[in-house]
Amino acid sequence: MRRKLGLALLTLGLALLGWVGVTLLWGDPITSLYTAHEQRVLGRQLEQEQQLWSTSPVRARALVDASATTATAAQVIRNRARRFAHRVHDGTPLGRIVIPRIGLNMIVVEGTTERDLRKGPGHYNAASGVATALPGSGGVVAIAGHRTTFLHPFRHVDQLRPGDNVYLEMPYGTLRYRVYFQKIVASTDWSILDRRPYEKLVLSACHPLYSATHRIITFARLAGESTKSRL
Amino acid sequence: MSNIHVAGARTLPFTGLATLPIVLIGAAISIAGFLLTILRPKPSRSV
């Protein structure tokens, strides 16, 4: 009896250690199943949202550089973002984040509560502590993502380099940001959301992989926008 | 657990996994199991 109990405990303990090893090496497979399901649900919701916007009479424009020539496109997107802000609530899909460098293509959810982040990368809103802007509306846009669990969207965020592109495909348009800086900060450092004269995208994730004492922050700057959604 | 309060300071959204406690628990359970497996109970004294 005593020996059986010992073997059971030994197996359980080794299984726990094995799970930690697998999670650190490749990401947690159990929570990822849940997130994959939630992403499919969000995908359907986002498709419906996209249909609403694609039937609007606003003419689509090609992706152009965010210079003086795009003042009209920027204005259209800003107005659309303002309208879209009334439609998003905690837990609803916002758009898609695509980062070719790290092979990321996931739907961003509104909010950064534990529940929101189980579904996918989350957009900082009022419930996060500091509400950030919707993409294309100017100001600071911030998104948080898991690194080891829940499909670990930002697992390889540390591999991003200056010049890499980050796309946010929203129902009302597509925004392209270019990475310019990355740093490690304390978990209480909210200065990462300080405004800049340009639209700033902030990606945050826990750091290092086996801890939550710090955050790895990637900064990107708006480099192009289109009224055409690629969703 | 998005806004954990550590020493009164609000933290940025939590997106990680604190593995150290899990490792410690796993190690403790494994050691306990190992000891139970190898140690034999003391024979009871017959009066």
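This passage describes the two chains of a predicted model, their helices and the contact between them.

Chain A is a good place to begin. Its secondary structure consists of four helices and nine strands. From the start of the sequence to its end, these elements of chain A are arranged as α-α-β-α-β-β-α-β-β-β-β-β-β. Along the principal axes, a box of roughly 75 × 35 × 30 Å holds the C-alpha atoms of chain A. The chain has 231 residues, and 42% of them count as buried. Sequence-distant pairs feature in the contacts of chain A: when residues at least 6 apart in sequence are considered, 65% of the contacts link residues at least 24 apart.

Chain B has 47 residues, of which buried residues make up 23%. Here the secondary structure amounts to one helix and two strands, and the order along the sequence of chain B is β-β-α.

The helix α1 of chain A covers residues 2–26, which is 25 residues in total. From first C-alpha to last, α1(A) reaches 36 Å, close to the 36 Å expected at 1.5 Å a residue. Just after α1(A) comes A:G27, a residue with a positive phi near 105°. Four residues of α1(A) are buried, namely A:L9, A:G13, A:V20 and A:T23. What do the buried residues of α1(A) pack against? Their partner is found in the other chain: it is α1 of chain B, residues 19–38.

The geometry of this helix pair can be described in a little more detail. Two packed helices are described by the angle between their axes and the distance between the axes. For α1(A) and α1(B), the axes come within 7 Å and cross at roughly 155°. Because an angle over 145 degrees counts as roughly antiparallel, α1(A) is roughly antiparallel to α1(B). The crossing in which α1(A) passes α1(B) is left-handed. As for the residues of the contact between α1(A) and α1(B), 19 are nonpolar, seven are polar and two are charged.

Seen at the level of whole chains, the contact involves 39 residues of chain A and 28 residues of chain B. On the chain B side, the elements that give two or more residues are α1 and β2 (9–10). With 13 residues, α1(B) provides the largest share of the side of chain B that touches chain A. By residue type, that side of chain B comprises 17 nonpolar residues, 10 polar residues and one charged residue.

Attention now returns to chain A and its helix α2, residues 29–54. The 26 residues of α2(A) should span 38 Å at 1.5 Å a residue, and this agrees with the 36 Å between the end C-alpha atoms. Which residues of α2(A) are buried? They are A:T35, A:L42, A:L46, A:E49 and A:Q50. The cover over the buried residues of α2(A) includes elements of chain A, among them the strands β2 (93–99) and β3 (104–110) and the helix α4 (114–119).

A last example comes from the strand β7 of chain A (residues 173–186), where A:T174 is found. Is A:T174 buried or exposed? The residue has 23 other C-beta atoms within 10 Å, so A:T174 is buried, given that 20 or more are needed for a residue to be called buried. Between the C-alpha atoms of A:T174 and A:R96 the separation is 9.4 Å, with the two residues 78 apart along the chain.

Technical notes: Residues numbered from 1 in each chain as written. Chains lettered and ligands numbered in written order. Predicted model: local features only at pLDDT ≥ 70, side-chain atom pairs only at ≥ 80, totals over all residues. Expected span 1.5 Å × (residues − 1). Buried ≥ 20, exposed ≤ 12 C-beta atoms within 10 Å, placed from the backbone. Contact = placed C-beta atoms within 7 Å. Axes fitted to C-alpha atoms, helices over the stretch in contact; angles between N-to-C directions. Parallel < 35°, antiparallel > 145°, perpendicular 65-115°, else oblique. Left-handed = near helix turned anticlockwise from the far one by under 90°. Nonpolar A, V, L, I, M, F, W, Y, C, P; charged D, E, K, R; others polar.
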